[in-house]
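Trainee: I would like to learn how to read the fold, the pockets and the cavities of a model. Where should we begin?

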Amino acid sequence: MSSHILLVQGHPDCVHVHLCHTLAAAYADGARSGGHAIETIEPARLRLPLLGSQEEWQHGTASPEVLAAQAAIRRARHLVFFYPLWLGDMPAMLKGFLEQVARPGFAIDPSARNLLQAGLLRGRSARLVVSMGMPAPVYRWFYGGYSVKLMRRNILGFAGIAPVRATMVGGVATLDAAQVERWCERMRRLGVDAA
């Protein structure tokens, strides 16, 4: 069954090709071959100021770029976020993008009596593809996979998106061409299945 998939390229460098870009391209190739429709958003190409207050987040006027991103999220049945781990978390540019788009009235219902059921984006699933210098098991088990937990529970889960699966690609500085190709093949398979 075909699906509408939104790829969010969260690498803040949109000038050079990084592993996140390569993996996203492989996922998109697989998804297209599986008959899925693909859209891509690159926060690094958007002009999005950081929000400076709760008031601005709750009641500020969203820019046309934010509204377009929200419309793309509404169209999607599955979202895939690609980002490198920086200082143990997602890059600030991706976090700023999420703060802009996940506003009350779009991602959460501000009038909901139960905040655990306030998500307005139910019916969507997501995958996180996180690259990192350290071995992925070290990040997952020793550091607790903080960034993945934050996205899964506090951002996407709060908005009603579930399930949220994660793929962690560790040791990126030491990957050789064959290893990169194996990761790309895994991304293509996930794309075909929209998983």
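**Reading the chain and its spaces**

Mentor: Begin with the contacts. Of the contacts in the chain with a separation of 6 or more, 79% are between residues 24 or more positions apart. Keep in mind that this is a predicted model.

Trainee: Which helices and strands make up the chain, and in what order do the elements run?

Mentor: The secondary structure comes to seven helices and five strands. Starting at the N terminus, the order is β-α-β-α-α-β-α-β-α-α-β-α.

Trainee: How do I read the radius of gyration of the chain?

Mentor: Set it against the value for a compact globule with the same number of residues. For 195 residues that value is near 16 Å, and the chain has 16 Å, so the two agree. The C-alpha trace spans about 50 × 40 × 35 Å along its principal axes.

Trainee: What share of the residues counts as buried, and what does the accessible surface come to?

Mentor: Buried here means under 20% relative accessible area. By that cut-off, 46% of the 195 residues are buried. The accessible surface of the chain is about 10000 Å², and carbon and sulfur atoms hold 57% of that area.

Trainee: Now the spaces. How do I tell a pocket from a cavity?

Mentor: A pocket is open, whereas a cavity is a space that the probe cannot get out of. The largest pocket here holds about 230 Å³ of space.

Trainee: Which residues line the largest pocket, and which helices each supply at least two of them?

Mentor: The lining includes Trp57, Lys95, Glu99, Ile108, Asn154 and Phe158. Helix H4 (92–101) and helix H6 (146–157) each supply at least two lining residues. By class, the lining has nine nonpolar residues, one polar and two charged.

Trainee: How many cavities of 30 Å³ or more does a search of the whole structure find?

Mentor: The search finds one. The largest cavity has a volume of about 90 Å³. Among the 13 residues that line it, Leu98, Val101, Ala102, Leu121 and Leu156 are the closest to its centre. Strand E3 (78–84), H4 and H6 are the elements that give two or more residues to this lining.

Trainee: How does the lining of the largest cavity divide by class?

Mentor: The cavity lining has 13 nonpolar residues, with no polar and no charged ones. Set beside that the pocket lining, where two residues are charged and one is polar. Leu98 and Ala102 belong to the pocket lining and are also named among the residues closest to the centre of the cavity.

Notes
Residues are numbered from 1 along each chain as its sequence is written. This is a predicted model: local features need pLDDT of at least 70, side-chain atom pairs count only at pLDDT 80 or more; totals for chains, interfaces and linings use all residues. Side-chain values use heavy atoms; hydrogens and water are left out. On a 1 Å grid over the protein atoms alone, a cavity is a set of points where a 1.4 Å probe fits but cannot get out, and a pocket is an open set with protein on both sides within 12 Å along at least five of seven lines; lining residues have an atom within 4 Å of a point. Grid points are joined across faces, edges and corners, and a volume is the space filled by probe spheres set on the points. Helices (H or I, at least four residues) and strands (E, at least two) are DSSP runs, numbered from the N terminus. Ala, Val, Leu, Ile, Met, Phe, Trp, Tyr, Cys and Pro count as nonpolar, Asp, Glu, Lys and Arg as charged, and the others, Gly among them, as polar. The radius of gyration is taken over C-alpha atoms; the globule rule is 2.2 Å times the number of residues to the power 0.38. Buried means under 20% relative accessible area, exposed over 50%, partly exposed in between (1.4 Å probe, protein chains only). Contact means heavy atoms within 4.5 Å. Accessible areas come from the Shrake-Rupley method with a 1.4 Å probe; for residues, only the protein chains shown count as cover.
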